[in-house]
Amino acid sequence: MSLAFKVITSFSSIFTATYSTIESLISSPNQETNPQQDHAFQAPSPTDKRSPCPMVNALANHAYLPRDGSNVSLLKLIQAAKEGINLAPDATLIVGLKALQTSTTGSWLTFNLDDLNKHGEKTSSLAITTPSPPRLGKQSLNTSEDWRKIPLEVAAKARKERVESARASNPEFNLTDDQNRFSILETCLYLMVFGEGTQGNARTDWVKVLFEEERLPFQEGFKRSSSMLTLGQILELHKKVEAVGGTGLAVKWRKEGREYK
C-alpha cells in the first residue's frame, strides 16, 4: 500500500468522523448547565496560551476549551462554541479551519491558541477588532437607556476606522480580502452573541466585559441564546456590516461627546 493511499485513506476517515460529529452536535439538544459552577471564570496563568480573539480566549478562561490553550482540536473548538455561546458547528468550522493553518503543534489536527499570533495573522482579522469594542462614556452608560446597546452601524464604523488607523500608522500593514472578511465576521460574532440576532444592538456592558476581561458576562446576566446562532444569520449580518458606508450614528455619538473608536 502506497504512502499516498494511506494518507488519503486516513484523511477520508477523519473527515467522515468529523462530519458525523458535527451532524450529531447540530441535532443534539442543548444541555442544561450552570455556567458559573460548571464553567467558572479563571484568568489565564503566565504560561497559558491565548489568541488575539477575546471570544476564543473567553471560552478557554471558562474551560469550554482547555485552560492552557494547548492542542485544541477542531472538534473541541466546535463543541466549545456550541456549549459556551450556542454557535452552530458549521459557523465555527470556518474559524477552525483557518486556525489549523497556523498550527505549530506538530499535528495538522490541532493548534495552540497562540498560534494565531504568528506573523501574518496578527495584522489580519483577529487583531483589528479585538483590542477594544466601540467605547461609550461612563456618563452615557449611567444616564441614557439608548446608549446601553451598541448599534450595528456604530460597531461597523468602529471596525472600519480601526482598519484605516492601522493602515495610517503602519506602512507594512496589509489586509487581504480574506482577512477583511474575517475581521467583519468577528464584529458580527459579538453583535449576535450579545445582541438581537441579525439586528445587532449588543449590550454594551457585556461587550466591555468580553473585551476588557476576556470573560463571558454570566455575572451580568448574560445567557447564551436558546436557539442556535447559525451560519446563515452570521452571513446575513456580515452583509449588513459590510454595507455600512455612511457616518450616521457614529458621527452622532462623536458630536454628543461619546467616544466610540
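Helices (H or I, at least four residues) and strands (E, at least two) are DSSP runs, numbered from the N terminus. The model toured here is predicted: local features need a pLDDT of at least 70, side-chain atom pairs count only at pLDDT 80 or more, and totals for chains, interfaces and linings use all residues. Residue numbers start from 1 along each chain as its sequence is written, and side-chain values use heavy atoms, with hydrogens and water left out.

**Stop 1: the end of helix α10**

Select E214, just after α10, where this residue takes a positive phi of about 50°. Now add A43, which is placed in the loop between α2 (35–38) and α3. How far apart are A43 and E214 in sequence and in space? They are 171 residues apart in sequence and 8.4 Å apart in space, C-alpha to C-alpha. A43 has a relative accessible area of 48% and is therefore partly exposed; buried means under 20% relative accessible area, exposed over 50%, and partly exposed in between (1.4 Å probe, protein chains only).

**Stop 2: along helix α10**

Select residues 204–213, which form helix α10. Its buried residues are T204, W206, V207, V209, L210 and F211. Next, show the side chains of K208 and E212, which form a salt bridge with the closest N and O atoms 3.2 Å apart. A salt bridge is a side-chain nitrogen of Lys or Arg within 4 Å of a carboxyl oxygen of Asp or Glu. K208 and E212 are four residues apart in α10, so about one helical turn separates them. An α-helix has 3.6 residues a turn, so residues three or four places apart point the same way. K208 counts as partly exposed at 21% relative accessibility, whereas E212 counts as exposed at 56%.

**Stop 3: helix α11 and other salt bridges**

Select helix α11 (residues 231–243), in which E236 and K240 are four residues apart, or about one helical turn. These two residues form a salt bridge, with their closest N and O atoms 3.9 Å apart. Both count as partly exposed, E236 at 39% relative accessibility and K240 at 28%. Then select E213, R215 and E220, which are linked in a network of salt bridges. How many salt bridges does the structure hold? It holds six.

**Stop 4: strands β3 and β4**

Select strand β3 (residues 149–151) together with β4; the two run antiparallel and are joined by three bridges. Two strands pair if DSSP finds at least two bridges between them. P151 stands opposite G200 in β4. Which residues of β4 (residues 200–203) lie on its covered face, and which on its uncovered one? G200 and A202 are on the covered face, while N201 and R203 are on the uncovered one. In a regular strand the side chains alternate between the two faces of the sheet.

Add E196 to the view: its side chain meets that of K149 in a salt bridge (2.7 Å, N to O). K149 lies in strand β3 and E196 in the loop between α9 (177–194) and β4, so the pair ties together parts that are 47 residues apart in sequence.

**Stop 5: the loop around S70**

Finally, select S70, in the loop between α3 (54–61) and β1 (72–73). Is S70 buried or exposed? At 16% relative accessibility, S70 counts as buried. Leaving aside residues up to four places away in sequence, S70 touches K49, F111 and N112, where contact means heavy atoms within 4.5 Å.
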